[in-house]
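Subject: Handing over the structure

Hello,

As promised, here is the structure for you to look through. Open it first, and then read on for what turned up in it.

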Amino acid sequence: MVRPAKPHRHPIRRVLQPVIQSERKALGASALLGTAAVAFELARPWPLALAVDYAIARRPLAGLGPQSLLLFAGAAVVLFTLIAESGELGSTLLAERAAERVGARLRQDVYDRATTLSLRWHDRMRSGELVSRLTTDVGRLLDALVAVTAQLLPDVVRLLLVLILLTVVSPGLALLALAVVPLLAVFAVRQRRRVRIAQQRARAEAGLLAASATDLFRNVRAVQAFSANARPAQVFHQRNAALLDVNVRAVTTEARWSPVANVVLAIGTGLVLVVGGREVLDGRLSTGDLLVVTAYLSALYSPVRGLSRLSGLLAKSNASAARIQDVLACTEEIAEDEDARPAPPLVSGLWFADVRFGYQLSRPVLDGFDLTVAAGQTCCVLGPSGAGKSTVLHLLLRLYDVDAGGIMLDGVDLRSIRKQSLRQAVAFVPQDPWLFDTTIAQNIALGAAGADRAQVLAAGRAALVDEFAHQLPGGYDSLVGEAAAQLSGGQRRRIALARAVVSKAPLMLLDEPTASLDPASAAAVITAIERCAAGRTVLMVTHDPLLAAIADQVVTLDPHRPAGVNLTTLPGAASTIGRR
């Protein structure tokens with residue numbers, strides 16, 4: 001039984017922890033370099049204090065006159081700034097590069113996990129939504145990783161050092177400056193909660209918009225052919241408006257924080273300026289020391305602001321991390337036994353025994369289904385739409401698992417066979433040929449890992465791909481285009497047949513191979529099937545009675561009649577099976 005993944009309290013940590021191990025040194029070096037830069041950054045106010053209290057006031061120091069002191073102070077400011085900025089640059093570069101490598105691994109993990117999940121999960125997850133998680137959500141997570149690495153430790157160290165230095169210079173002013181920090185912390189906690197909620201809504205709407213846009217662009221030909229621009233445009237407009245609404249709310253929630261924080265910090269700065277100015281007037285504090293204190297106030301409040309912004313960024317990234325974790329932690333997959341064995345050689349045949357299956361458990365598509373196909377035979381399953389013909393093939397491939405009963409391959413239950421081994425033993429020609437936006441040759445080669453050029457061309461000849469491939473400018477190296485839109489339906493089917501031929505699999509499955517084809521194209525596909533099926537066990541499902549003529553066994557799947565075992569072996573002979 002499959003169970004959805006449970007939500008986690010710390011999605012960022014759970015998502016990044018497995019992929020961050022190899023980058024710990026680079027990220028650690030980034031944090032240390034940024035922290036070292038803080039020390040030189042905090043040293044910059046002291047040359048200014050030196051210039052004001054000694055050079056400008058014409059008070060000699062260590063035998064140096066005013067001019068020498070000014071030159072020394074100016075050079076020190078430049079040197080400290082150069083070192084500090086170089087440290088920050090190095091820290092950022094290390095963090096950004098490490099984050100990109102982490103992102104590449106994370107995207108690969110999400111892709112690998114998604115492609116192994118059950119088709120029941122994919123039936124619910126729209127492709128555009130999944131792409132949004134793979135790209136945008138991963139990107140936001142990397143932003144958080146860089147910010148935490150290059151900002152968190154330096155900001156914490158900056159805060160502590162400033163507090164120590166302020167206490168040394170003027171303990172009273174240090175306490176006064178800290179008086180506003182608790183109020184700021186309260187606002188930051190409340191703000192983070194609001195930002196997290198707003199970003200969760202925004203990311204959900206962004207995923208829905210990506211899914212809708214992907215669907216509409218994929219079917220743009222249908223939109224234009226049926227002059228149906230109004231309805232799709234309305235769907236996109238609604239999604240776009242919904243995303244705009246939640247994004248505006250999220251931006252507003254974040255924007256409200258900045259003026260509140262600045263006002264609170266300004267109150268602290270004003271208090272320090274008033275009290276510190278009085279101490280200068282009373283002679284208890286030098287002008288240079290007051291300049292150092294005010295400079296350190298900025299250095300004190302800067303990490304407070306930075307940590308508050310980091311809190312908001314983490315709230316955004318948490319929403320994205322939770323969406324990525326939904327994929328990585330999902331357990332909805334076709335399970336494989338630990339002691340699963342390789343697929344046996346197809347010697348006796350395959351059979352379905354009292355199979356029950358439904359895409360929804362409450363609505364079975366097959367119920368009590370029985371069928372036997374002898375090895376080396378061609379079986380044609382006829383039946384109306386919705387009778388479960390394509391489902392029979394999907395179950396043989398273990399794209400889904402049966403809910404009850406069993407499917408045997410040479411007496412071995414499919415659930416006891418390694419999935420990869422099973423699928424290597426099956427050549428599948430789907431109704432939709434599933435061609436990729438690459439060349440004809442590369443699409444054919446997908447049928448077998450390591451297939452060479454000669455094998456690809458031989459498979460193309462067997463499937464009659466030669467008849468049209470050589471008429472194209474690039475021959476077998478011609479691009480088929482997205483969704484193979486540049487090819488006809490019959491041409492796409494023949495490429496799919498060639499892909500099955502190059503696999504050398506002993507079992508071939510054909511799903512409606514002549515559907516929606518004109519008589520000439522259908523006849524060419526049937527001829528190609530006859531050539532490709534030689535020496536193999538073939539199970540094909542179709543509405544086309546012409547395919548029955550090339551079959552050794554013909555059965556009719558009738559959803560309104562009880563199921564029975566079919567053992568017909570005469571060429572073209574027909575009988576009826578059904579589901580209970």
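First, a term you will meet often: a residue is called buried when its relative accessible area is under 20%, exposed when it is over 50%, and partly exposed in between, using a 1.4 Å probe and protein chains only. Please keep in mind that this is a predicted model, where local features need pLDDT of at least 70 and side-chain atom pairs count only at pLDDT 80 or more, while totals for chains, interfaces and linings use all residues. Residues are numbered from 1 along each chain as its sequence is written, and side-chain values use heavy atoms, with hydrogens and water left out.

**The chain as a whole**

The protein chain has 19 helices and 10 strands. Both are DSSP runs numbered from the N terminus: helices are H or I with at least four residues, and strands are E with at least two. Of the 580 residues in the chain, 46% are buried. A contact here means heavy atoms within 4.5 Å. Taking contacts between residues at least 6 apart in sequence, 77% join residues at least 24 apart.

**A sheet and the helix across it**

A good place to start looking is an open sheet of 4 strands, in the order β2-β1-β4-β5, with antiparallel pairing. Its edge strands are β2 (366–374) and β5 (412–413), each of which pairs on one side only. Two strands count as paired if DSSP finds at least two bridges between them. In general, the strands of a sheet pair through backbone hydrogen bonds, either parallel or antiparallel.

Going through the pairs:

- Strand β1 (residues 349–357) is joined to β2 by 7 bridges, and the two run antiparallel. Val355 has Phe369 in β2 as its bridge partner.
- β1 also pairs with β4, again antiparallel, over 5 bridges. Here Phe352 is matched with Ile407 in β4.
- β4 pairs with β5 over 2 bridges, in the antiparallel sense. Met408 has Asp413 in β5 as its bridge partner.

β4 and β5 form a hairpin with 2 residues between them, and Asp410 in the turn has a positive phi of about 55°.

Helix α13 (residues 389–396) lies across β1, β2 and β4 (404–409), running at about 115° to β1. For that angle, axes are lines fitted to C-alpha atoms, for helices over the stretch in contact, and angles run from 0 to 180 degrees between N-to-C directions.

**Cavities**

How many cavities of 30 Å³ or more does the structure hold? There are 2, and the largest has a volume of about 60 Å³. Its lining includes Ile407 and Asp413, which you have already met as bridge partners in β4 and β5. Leu395, Arg398, Tyr400 and Asp401 are also among the lining residues. A cavity is a set of points, on a 1 Å grid over the protein atoms alone, where a 1.4 Å probe fits but cannot get out, and lining residues have an atom within 4 Å of a point. Grid points are joined across faces, edges and corners, and a volume is the space filled by probe spheres set on the points.

**Two cysteines**

Why do Cys379 and Cys380 not form a bond? Their sulfurs are 7.2 Å apart, which is too far, because a disulfide is a pair of cysteine sulfur atoms within 2.5 Å. By this rule the count is 0 disulfides. Cys379 is buried at 0% relative accessibility, and Cys380 is buried with a relative accessible area of 0% as well.

**Two helix residues**

Ser91 lies in helix α4 (residues 66–116) and is buried, at 2% relative accessibility. Leaving out residues up to four places away in sequence, Ser91 touches Ser30, Leu33, Gly34 and Ala150.

Val275 is in helix α11 (residues 257–281) and is partly exposed, at 35% relative accessible area. With the neighbours up to four places away left out, Val275 touches Leu173 and Leu176. Val275 and Leu176 are 99 residues apart in sequence, and their C-alpha atoms are 8.9 Å apart.

**Two loop residues with positive phi**

Most residues other than glycine have a negative phi. Lys504, in the loop between α18 (489–503) and β7 (507–511), has a positive phi near 60°. Glu512, in the loop between β7 and α19 (519–532), has a positive phi of about 45°. Are these two buried or exposed? Lys504 is exposed, with a relative accessible area of 64%, whereas Glu512 is buried, at 5%.

Enjoy exploring it!

Best wishes

Key
1 Å grid on protein atoms, 1.4 Å probe; cavity = no way out; pocket = protein on both sides within 12 Å on 5 of 7 lines; lining within 4 Å.
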